Amino acid sequence: GRASGGRAGVRGEPLVRLDPGMRPLQERADPHGVCFGCGAANPAGLHLHSYPDEDGVHVVATVQPDEIYCGWPGLVYGGYIAMIVDCHSNWTAIYGPYRSEGRAMETAPPIHFVTGNLSLTYRQPTPLGVPLALLANVEGPAGPKTRVLSDVLADGMVTVSADSLFVRVDVAKFAVRAHPVYGCLSFFLRCFFNKHRTPFVCSLV
């Protein structure tokens with residue numbers, strides 16, 4: 001079933017209500033993350049914030065895209081939607097093992113997933129100028145390969161759905177596969193800065 005099954009809200013009513021004191025998953029598990037979409041330490045990024053839902057099943061987020069992220073006039077650019085769905089779904093996959101293992105997200109070792117497959121269905125145009133709700137949940141067992149279902153809603157209506165696969169990785173090995181020399185350097189610099197609680201900057205490598 002869809003991530004938002006039974007959760008479609010009333011037009012004009014917020015679908016997601018959050019405790020204002022709650023810290024997003026991104027800041028709890030990876031405060032030095034530099035992803036453009038969700039990295040807490042990227043000064044030019046979008047800083048998507050994902051939170052566990054009170055229902056104990058979903059991970060939720062709300063965003064209101066700036067008008068620079070338009071496709072057709074008055075509509076959100078589809079690539080922007082793909083990006084926030086990718087980031088939010090990835091954090092849904094990451095949160096699953098922490099929850100099942102009964103671990104706080106601030107504890108070591110950190111859990112990392114990467115996108116194996118991102119499959120979106122654009123059901124109807126997504127309007128600019130209104131908050132968008134993202135709802136996602138793990139479908140089936142959470143393992144080395146985790147399936148995540150997610151929906152984007154505008155005014156309580158599902159505009160985009162996704163059915164995607166995320167793969168758990170060892171960051172050190174993954175960095176080396178991406179680039180044997182700079183991958184190692186990036187990984188060790190990240191470990192150093194995380195240890196000393198200092199922001200890691202991409203331009204260092």
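Q: Rings of Phe, Tyr and Trp (its six-membered ring) pair if their centres lie within 6.5 Å, with planes under 30 degrees apart called stacked, over 60 edge-to-face and the rest tilted; how many aromatic pairs does this rule count?

A: The count comes to 1. Bear in mind that this is a predicted model, where local features need pLDDT of at least 70 and side-chain atom pairs pLDDT 80 or more, while totals for chains, interfaces and linings use all residues. Numbering starts from 1 along each chain as its sequence is written, and side-chain values use heavy atoms, leaving out hydrogens and water.

Q: Why is the pair of Tyr69 and Tyr80 called tilted?

A: The centres are 4.8 Å apart, which is within the limit, and the 35° between the planes is neither under 30 nor over 60, so tilted it is.

Q: What makes Tyr80 count as buried?

A: Its relative accessible area is 6%. Buried means under 20% (exposed is over 50%, partly exposed in between; 1.4 Å probe, protein chains only), so Tyr80 qualifies.

Q: How do you know whether Asn42 is buried or exposed?

A: Same test: 15% relative accessible area is under 20%, so Asn42 is buried.

Q: What makes the side chain of Asn42 and the backbone oxygen of Val34 a polar contact?

A: They're 3.0 Å apart. The cut-off is N or O atoms within 3.5 Å, one able to donate a hydrogen and the other to accept it, with sequence-adjacent residues counting only if both atoms are side-chain atoms, so this one passes.
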